[in-house]
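Okay, thanks for making time. Let me put the structure up and then we'll go through a pocket, a helix pair and a cavity.

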Amino acid sequence: MQIENKVTFPRLGNYHIPISTFVEKTLNAKVCVSPAITKRTIELGTKHSPDFVCVPFKYNIGNYIEALENGANILIQAGGGCRFGYYGEVQEEILKSLGYEFKFFNINDRKFKPLRYYELLKKINSKLTFRKFMYYFYLIYKQIFAIDKIEDYIRKNIGFEINKGDFENVEKRFLVELKKTEKIRDVNNIFTKYITLLKKIPINKPKNCLKVGIVGELYVLIEPFSNYFIEKEMASYGIEVQRYINISYLFFSRKHKKSRTLKLAKPYLQYDIGADGVDSVAHSKELAKKGFDGIIHIKPFGCMPEINCMPILQRLSQDYKIPILYFSFDSQTSETGVKTRLEAFYDMLSMRKNLNSPLAPL
Ligand code: SF4
C-alpha cells in the first residue's frame with residue numbers, strides 16, 4: 001500500500017498560508033501544517049534541542065514533532081548564512097533519534113534561487129512542469145505581498161482603533177479568504193477588498209503619536225509567539241509600529257538593496273556581519289533620521305549577528321539621541337519581564353515627547 005505524502009515545514013507568522021498553497025499545488029501532496037504555536041511547542045522543542053542553540057531552532061523542533069504526531073512524513077527546512085545553515089542536518093538527526101520516520105528535504109541555500117527550488121520539488125513530484133511551478137510561484141509571491149501589506153497597515157493603525165477588535169476581525173476574514181485563492185486575479189481582488197475595509201475602520205490617531213521601529217533577527221521579528229506578541233503590546237499603548245523585515249523584503253527585495261543597505265549602515269558598519277545584522281543597523285539609522293521616537297531591538301538569546309549589532313546600536317543611539325530598548329528571547333524569558341520593561345520604555349518615551357526634554361538616561 002502506498003503511503004500518502006504529508007508535507008510539513010516550520011511555522012512562521014501567517015506565511016504557512018502561501019507555503020501550503022505552493023506545496024499543495026506543486027507537489028500534489030497533502031499539507032500537514034503544524035498546529036499554532038503554544039507553550040507545548042516550545043517545551044517539546046526545548047526538551048529535544050541542545051541547550052546552547054538559538055531559540056528558532058527549538059520552535060522548529062517543536063513544530064516538527066507536533067506535525068509528525070499528526071501524520072506528517074515529509075519535512076522541509078531552509079537554511080541561511082549563520083547557524084541557520086546547520087539547522088536541517090541537526091534537526092533531522094534529532095528527530096530520527098526520537099524514532100520518527102520521515103523524508104527530510106533541506107533547502108540550504110544562502111541565496112534565493114527559484115530554479116534550485118524547482119529541481120528540489122521535482123525530486124518529490126516528478127510530473128511537476130516548470131510552467132506550473134512558475135505560475136504557483138507567482139501566485140504565492142502575490143499572497144505574501146498581500147499579507148505583508150495588510151499586516152503593515154495594521155501595525156501602524158491598530159493602536160488607535162475606536163472599537164476594540166475591528167482590525168483583528170478584518171484580518172481573520174482576510175486570511176480565511178486568502179487561504180482559498182487559487183488564481184492570481186483572486187489574490188488581487190481579495191487584497192483590494194480587505195485593504196479598503198481596513199482603511200474604513202474608524203481610528204483616532206493623533207498627528208504626533210508615538211512612533212517606534214522594531215528591528216532585529218527575522219524569526220523573532222516575524223513569529224509573534226516567540227516575541228510574546230510584542231507588536232500587539234506596543235500597539236496597546238497607542239504606538240505606531242514600523243517594521244521593515246518581512247518575507248517580501250527578505251526574498252524579493254533584500255538582495256537588490258544589499259549595497260544600498262550597507263551604504264546606509266555606514267559609518268557604523270563597513271562589512272556584512274551575517275544574517276540580519278546589517279539590516280538592523282541600517283534600519284535603525286533610517287528610523288532615527290526619520291524622527292522616530294524610539295527603537296526596539298529584538299533577538300534570540302545567543303544570536304551572534306545581532307549581538308554584534310548591539311554596541312553599534314548603542315553608539316547610534318547616542319549620536320542620534322534616540323532611545324533603544326533591547327530584548328533577548330529564549331524559552332525561559334519571562335513574559336512579565338517583557339511587559340514591565342516595555343511599559344517603562346513607553347513611559348520614558350511619552351515623557352520625553354511631551355516635555356521635549358533632552359535624552360532621558362536609558
Ligand atoms: S540569525 Fe541568529 S537566531 Fe537566527 S538562526 Fe542565525 S544565529 Fe540563530
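So, which residues lie nearest the centre of the second largest pocket? This is a predicted model, just so we're clear, and in it those residues are Glu-168, Glu-171, Pro-224, Phe-229 and Lys-232. They belong to a lining of 34 residues, around a space of about 1,000 Å³.

Where does that lining come from? Helices H6 (130-157), H7 (166-179), H9 (218-222) and H10 (230-236), plus strand E6 (239-243), each give at least two residues. H10 has the largest share, with five. If you're thinking about chemistry, the lining splits into 15 nonpolar, seven polar and 12 charged residues.

Now stay with H7 for a second. H7 packs against helix H8, residues 184-200, with the axes 10 Å apart and an angle of about 175°. The angle is over 145°, so H7 counts as roughly antiparallel to H8. On the H7 side, the contact has Phe-167, Val-170, Arg-173, Phe-174, Glu-177 and Leu-178. Those meet Val-187, Ile-190, Lys-193, Tyr-194, Leu-197 and Leu-198 from H8. By class, that's nine nonpolar residues, three charged and no polar ones.

Last bit: cavities. There are three of 30 Å³ or more, and the largest holds about 40 Å³. Its lining includes Ile-214, Leu-221, Tyr-244, Asp-276, Asp-279 and His-283. Strand E5 (210-216) and helix H12 (277-289) each bring at least two residues to that lining. By class, you get five nonpolar, three polar and two charged.

Okay, that's me done. Over to you.

Notes: Residues numbered from 1 in each chain as written. Predicted model: local features only at pLDDT ≥ 70, side-chain atom pairs only at ≥ 80, totals over all residues. Heavy atoms only, no water. 1 Å grid on protein atoms, 1.4 Å probe; cavity = no way out; pocket = protein on both sides within 12 Å on 5 of 7 lines; lining within 4 Å. Points joined across faces, edges and corners; volume = space filled by probe spheres on them. Helix = DSSP H or I, 4+ residues; strand = E, 2+ residues; numbered from the N terminus. Nonpolar A, V, L, I, M, F, W, Y, C, P; charged D, E, K, R; others polar. Axes fitted to C-alpha atoms, helices over the stretch in contact; angles between N-to-C directions. Parallel < 35°, antiparallel > 145°, perpendicular 65-115°, else oblique. Contact = heavy atoms within 4.5 Å.
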